[in-house]
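Student: I would like a close look at a single part of this structure, the surroundings of the ligand, and then a walk outward from there into the rest of the chain. Please take the time to connect the pieces.

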Amino acid sequence: MTALVVTDLTKTYRNGRTALNHIDLSVDAGAFFGLLGPNGAGKSTLIGIVATLVTKSGGQVQVFGHDLDRDPWAVKSSLGLVPQEFNFNTFDTVEQIVLNQAGFYGIPRRIAHIRAEHYLQSLGLWERRKSISRTLSGGMKRRLLIARALMHEPRLLILDEPTAGVDIELRRSMWDFLRHINAQGTTIILTTHYLEEAESLCRDIAIIDEGRIIEHTNVKALLQRLSTQAYLLDVEHLPESLPQLPDFSLRRIDGATLEAEVPRGRPLTELFAVLAQNGISVTSMRNKSNRLEELFVRMLGNKERGKEKEKEENS
Ligand code: ADP
């Protein structure tokens, strides 16, 4: 089953700005899907159209087989949206906000109360249920948006930059929560600027740039395209000058940590042997994340270079 199918989708705003330029995209049911792209790429527009908040200029959208034009209500009730902005009534209490949402979807009061307790508990907001939402911290407001989006238990949860401005500790607990509901069967699509977030959470991603999908693949395959693999090594007895290794690049992070870039496919034993010869012992190692960022920069960088070339050729 496919959660989302977008076909030949276009959006031109009234000011003439084309935000989406013939987009095709599909997301499998059960996926944890990341939509990446620089600012102004068209991510929010795409999400807005799927969530029935923005009208499209052309093309089709289907959510779990429901066509957006023919059955917008079925689309609306199949998905929950966590927007970027806090768009709840800031004078309502936390509890009122989630219960009102349930009312909007016609959920019986008794069930709404059970769900409210469940989601507010899961998101660490239960103690604050009687608080006026205006008084919550930014991180709490963001979790409230998630609780609200889940009240009608949608099969697809769409989050627009869910962890923007959220501190690292809270970000990790939100990731755990999202992983948990994904494992329970909710399809998740998120947009993010944090490539580490995409790398850590998403199995599949699409990269959107200037209203076009420039890449649609799974994260593992994308990362495999990088010719080197970076590791962080915790070491003892690090000398002042680092050993030189042809093909491997070593960088000191601090007195007890080394970063090693290793050509893909080369045995790590070569690295360890040279380190051991130099009296450096490795106590632990881990993959350096954020490689997606590197790739992303490279891809968009290539595109910029392509454009320059095109200009040169046309001039
Ligand atoms: P992203 O979410 O990737 O940052 P957006 O979808 O918000 O990108 O924006 C895509 C493009 O559409 C941008 O150039 C933006 O300026 C433009 N845009 C977004 N919303 C509107 C609007 N309501 N009216 C006119 N142009 C808009």
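Tutor: What follows begins at the ligand and then moves through the neighbouring elements to the rest of the chain. Please keep in mind throughout that this is a predicted model, and that the distances and areas below are computed from it.

The residues that surround the ligand are Tyr13, Asn15, Arg17, Ala19, Pro38, Asn39, Gly40, Ala41, Gly42, Lys43, Ser44 and Thr45. Sorted by class, this shell has 4 nonpolar, 6 polar and 2 charged residues. If one asks which element gives the largest share of the shell, it is helix α1, spanning residues 43-50, with 3 residues.

Among the atoms that approach the ligand, one side chain and two backbone positions deserve attention. An N or O atom in the side chain of Tyr13 lies 3.4 Å from a nitrogen atom of the ligand. On the backbone, a polar atom of Gly40 is 2.7 Å from an oxygen atom of the ligand, and a polar backbone atom of Ala41 is 3.1 Å from an oxygen atom of the ligand. Taken on its own, the ligand has 560 Å² of accessible area, of which the protein covers 65%.

Moving on to the strands of this part of the chain, one finds an open sheet of 4 strands in the order β2-β1-β4-β5, with antiparallel pairing. Its edge strands are β2 (18-28) and β5 (66-67), each of which pairs on one side only. Further in, β1 and β4 are joined in the antiparallel sense over 5 bridges, and Leu4 stands opposite Val63 in β4.

Two residues in this region call for a look at their backbone angles. Most residues other than glycine have a negative phi. Asp8, which lies in strand β1 (residues 2-12), has a positive phi of about 50° although it is not a glycine. With a relative accessible area of 38%, Asp8 is partly exposed, because the value falls between the 20% below which a residue is called buried and the 50% above which it is called exposed. Thr52, found in the loop between α1 and β4 (58-63), likewise is a residue other than glycine with a positive phi, here near 65°. Its relative accessible area of 26% makes Thr52 partly exposed as well.

From Thr52 one can step across to Trp73, since the C-alpha atoms of these two residues, 21 residues apart along the chain, are separated by 9.0 Å. Trp73 lies in helix α2 (residues 72-78) and, at 43% relative accessibility, counts as partly exposed.

Farther along the chain, Thr135 sits in the loop between α4 (109-122) and α5 (138-150), where its relative accessible area of 48% makes it partly exposed. The side chain of Thr135 makes a polar contact with the side chain of Arg128 at 3.4 Å, and it also reaches the backbone oxygen of Ile132 at 2.6 Å. By contrast with these contacts, the C-alpha atoms of Thr135 and Ile189, which are 54 residues apart along the chain, are separated by 29 Å.

The domain assignment gives domain 1 (2-223) and domain 2 (228-291), and the C-alpha centres of these two domains lie 40 Å apart. In the second of these stretches of sequence, strand β13 (residues 257-263) has 6 of its 7 residues buried, so this strand is largely enclosed by the rest of the structure. Strand β11 (residues 228-236) runs antiparallel to β13 and is joined to it by 7 bridges, with Gln229 having Val262 as its bridge partner in β13. Strand β12 (residues 249-254) also pairs with β13 in the antiparallel sense, over 5 bridges, and Ser249 stands opposite Glu261 in β13. Between β12 and β13 there are 2 residues, and the two strands form a hairpin.

To place these parts in the whole, the chain has 10 helices and 14 strands, and its C-alpha atoms fill a box of roughly 70 × 60 × 35 Å along the principal axes. Of the 315 residues in the chain, 48% are buried.

How values were computed. Residues numbered from 1 in each chain as written. Predicted model: local features only at pLDDT ≥ 70, side-chain atom pairs only at ≥ 80, totals over all residues. Heavy atoms only, no water. Domains from an automatic or database assignment. Near = heavy atom within 4 Å. Polar contact = N/O pair within 3.5 Å; in protein donor to acceptor, adjacent residues only side chain to side chain. Areas by Shrake-Rupley, 256 points an atom, 1.4 Å probe, with all protein chains shown as cover. Nonpolar A, V, L, I, M, F, W, Y, C, P; charged D, E, K, R; others polar. Buried < 20%, exposed > 50% of the residue type's maximum accessible area, 1.4 Å probe, protein only. Pairing = 2+ DSSP bridges.
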